[in-house]
Amino acid sequence: MASNPRAAAVAACAPSSSGSSSSVFMQPPSPSDGELLRLLHRLARDLSVVETPAPFLRAAFASISRRSKLLAAAFDDLLLCAAAGDLPRSASLCLREVLLVLQRFKAVVADCSARSRMRLLLQSDEMEAELRELHHDLATMLDLLPVVELGLADDVLDVLALTSRQCRRCSPVLEAEQALKASVLSMIHEIEREIVPERERLEEILEEVGINDPASCSDEIESLEREIGDRASDKWTASMIALVGLLRYAKCVLFSATPRPSDSNSKADVEVEEGEPPASPSDFRCPISLDLMRDPVVVASGQTYDRESIDRWFSSGKSTCPKTGQVLANLELVPNKALKNLICRWCRENGVAMEACEASKNEQAQAMAANKAAIEAARMTASFLVKKLSVSFSPDAANRVVHEIRLLSKSGSENRAFVGEAGAVPLLVPLLYSEDAGLQLNAVTALLNLSILEANKKRIMHADGGVEAVAHIMSSGGTWRAKENAAAAVLSLASVHSYRRRLGRNQSVVEKLVHLVRTGPTSTKKDALAALLTLASERENVGKLVDAGVAEVALSAISKEETAAAVLAALAKRGGAEAIVNIDGAVARLVAEMRRGTDWARENATAALVLLCRRLGAPAVAQVMAVPGVEWAIWELMGTGTDRARRKAASLGRICRRWAAASATDGERGAGCPVATVVTPAMMAS
């Protein structure tokens, strides 16, 4: 028996009884024979009741279960042998090898259970080969087991021999399994050729895979997306990407009875729908795309954006900071690892898919864009959903379809383009007036997602009543989250110069944004202020913004929202300086923000003060100098602020010194004939 290579290997691996203790000092303690048999018995019982992860693996897992039941029965008898005394050394060594094989079986079973069903199908050949190897190893060790020395009963010997024979039987991949895999790959190729899958055939394939309801379909999509992000299989990545698109299409076509998110029965201040992830904190969203940032990076101005969005901004020829308008000294991007860790932790705590946090979203987007099948599947999905929405007459049916449109348009420019081209916008706009809070929220969020694409901005702005419907949500939305998303939609639409003017001239839009800043929760205030900031970047809008009370609400929010200071700076720069100074305590609040705000808020508060002084001259400077501690605040900011904040603080300091010098001269002249000295705005210039 020692001449057998495996037996020799087993003997070689065994610790020598005469060896020094130092040779095995780092090895974990080896279980006793009794513990070994109990471990074997437990493992065999666990494997005997293993659940099949997919219908097409039923035969393979059934064979594991049957053979494990036989082994569990044999180990029952072996436990009696161990109770009578130690096992023979050769038997102990063989059983330890059997333990390793069973542990490998358990690892394979666990791995299969963790994989997506589609990936299991694509990798079925490799998985079957691994199982055959394990069965062969188990048969070999059972053949090596010295059953005579163990004194086992004849029926136990028969059980072990039967198990060995069954393990040695070649188990080729079933023809049905190969046919199913071929059908899936064939359907992918058909989609690439723009052939719409037959409903019956698609349903039959998914039934064989084990996907037969909306929940299992959603779980499969999430599993595939996670595996794509984790690069689980380079060989099958393209097919997995295509299958994500196919499953999204199937979810809409086959499982249209998606459980609707429950909003209508919730209170107005409840922002999280049942079955929906919570709204991400506004600080975690990219100021450009409004999506949760997956790869946050910092630009030269100190602002943070999602890498994909800011790359697209720079690629369009711009060299300014989108949020501040500042010309950037360079276009370098520095990863914001601290923020990325916070985003990933929030995703884990709130059940939001993590794959895009762990992998590069940009790389996944490029892979999707290059995958013909995924693109065509998305086009088919968009077309199907829009057609179905056009014939959905009940709020419940419409809500289910709009929810799917919202999810489809959430990511990927191609998806947004397909939904827009299919004609979704004119169908979504009337739904903003729905009395169903859930439908209302899904509709406005879908429009927000669509508005990220430039072509869809035009569709929304030119849709009959589109702007008015968004304004209606801001004032009469059923939830704060709907109102917040409506404000975010205005922000997105206002990124186009001509639309910014049109929105600024719309008194209803401006007034409702102001009302949201006054009354909304924190996240809603932030989006409304961001929209007002964008509108204030257009000079002809400033008069209407001032008349609507934007300066007052920005000042009321200045200690709570950093965007408020930026709004005031934008107003002061384009004609609103006098309106700001005429508000009681405005200058003092700006000085306070210059001392205690965030870096960006301090920059903008200082910029606003400089602009007030330059536009209005001595009266404004006198108000600044009347604030206790302003000199210290300027000096501190010059030493600790960002580059832009230091420059603005230096300018403010020069303005204040000139005013002080002019005041001193006036005082000296006052000893003689009074002279009315006026410090003009030109004298305030640095």
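Helices are DSSP runs of H or I with at least four residues, numbered from the N terminus, and in this predicted model the loop between H9 and H10 is the place of Glu194. The exercises below start from the chain as a whole and return to that loop.

**Exercise 1. Find how many helices and strands the chain has, and describe how its strands are arranged.**

Solution. Begin with the count, which gives 37 helices and three strands in the chain. Next, follow the strands, which form an open sheet in the order S2-S1-S3 with antiparallel pairing. Since S2 (304–306) and S3 (334–335) stand at the edges with a single partner strand each, one side of each has no neighbour in the sheet. Finally, look at one pairing in detail: S1 (residues 296–298) is joined to S2 by three bridges, and Val297 has Tyr305 in S2 as its bridge partner.

**Exercise 2. Compare the end-to-end reach of helix H9 with the span that its residue count leads one to expect.**

Solution. Take the 18 residues of H9 (residues 175–192), which at 1.5 Å a residue should span 26 Å. The expected span is 1.5 Å times one less than the number of residues. Then take the C-alpha atoms at the two ends, which are 26 Å apart, so the two values agree. The same kind of check can be made on H17, whose 19 residues reach 27 Å from first C-alpha to last, close to the expected 27 Å. For H11 (residues 214–229), with 16 residues, the reach is 23 Å and the expected value is 22 Å.

**Exercise 3. Work out which residues of H9 are buried, and what covers them.**

Solution. A residue is buried when its relative accessible area is under 20%. By this cut-off the buried residues of H9 are Glu177, Leu180, Lys181, Val184, Met187, Ile188, Glu190 and Ile191. An α-helix has 3.6 residues a turn, so residues three or four places apart point the same way. The cover over the buried residues of H9 includes H5 (117–122), H6 (124–144), H10 (199–209), H12 (237–254) and H17 (372–390). One of these, H17, has buried residues of its own, among them Ala373, Glu376, Met380, Leu385 and Leu389.

**Exercise 4. Identify the residues that cap the N-terminal ends of H17 and H11, and say which atoms are involved.**

Solution. At H17 the cap is Asn371, which has a side-chain oxygen 3.2 Å from the backbone nitrogen of Ala373. At H11 the cap is Asp213, where a side-chain oxygen lies 3.2 Å from the backbone nitrogen of Ala215.

**Exercise 5. Decide what phi Glu194 and Arg231 take, and where each residue stands relative to a helix.**

Solution. Most residues other than glycine have a negative phi. Glu194, although not a glycine, has a positive phi of about 65 degrees, and its position is just after H9. Arg231 follows H11 and also has a positive phi, near 55 degrees.

**Exercise 6. Establish how many disulfides the structure holds, and examine the surroundings of Cys252.**

Solution. The structure holds zero disulfides. A disulfide would need two cysteine sulfur atoms within 2.5 Å, whereas the cysteine sulfur nearest to that of Cys252 belongs to Cys217 and is 8.5 Å away. Turning to accessibility, Cys252 is buried at a relative accessible area of 5%, and Cys286 is buried at 1%.

**Exercise 7. Classify Thr534 and Glu126 as buried, partly exposed or exposed, and list their contacts.**

Solution. Thr534, in helix H27 (residues 522–536), has a relative accessible area of 17% and is therefore buried. Leaving aside neighbours within four places in sequence, Thr534 is in contact with Leu491, Ala494, Ser495 and Arg500. Glu126 lies in H6, and its 37% relative accessibility makes it partly exposed. With the same neighbours set aside, Glu126 is in contact with Lys235 and Trp236.

**Exercise 8. Describe the largest nonpolar core and the residues that touch the most other members.**

Solution. The largest nonpolar core has 118 residues, of which Leu428, Met474, Leu513, Leu571, Met594 and Leu612 touch the most other members. Beyond residues up to four places away in sequence, Leu612 touches Ala572, Ala577, Ile580, Val581, Val587, Leu590, Gly617 and Ala620. A second, separate core has 79 residues, including Ala60, Phe61, Leu87 and Leu134. For the chain as a whole, 51% of the 686 residues count as buried.

Terms used: Residues are numbered from 1 along each chain as its sequence is written. This is a predicted model: local features need pLDDT of at least 70, side-chain atom pairs count only at pLDDT 80 or more; totals for chains, interfaces and linings use all residues. Side-chain values use heavy atoms; hydrogens and water are left out. Buried means under 20% relative accessible area, exposed over 50%, partly exposed in between (1.4 Å probe, protein chains only). Contact means heavy atoms within 4.5 Å. A polar contact is a pair of N or O atoms within 3.5 Å; within protein, one must be able to donate a hydrogen and the other to accept it, and residues adjacent in sequence count only if both atoms are side-chain atoms. A nonpolar core is a set of buried Ala, Val, Leu, Ile, Met, Phe, Trp, Tyr and Cys residues joined through side-chain atoms within 4.5 Å. Two strands pair if DSSP finds at least two bridges between them.
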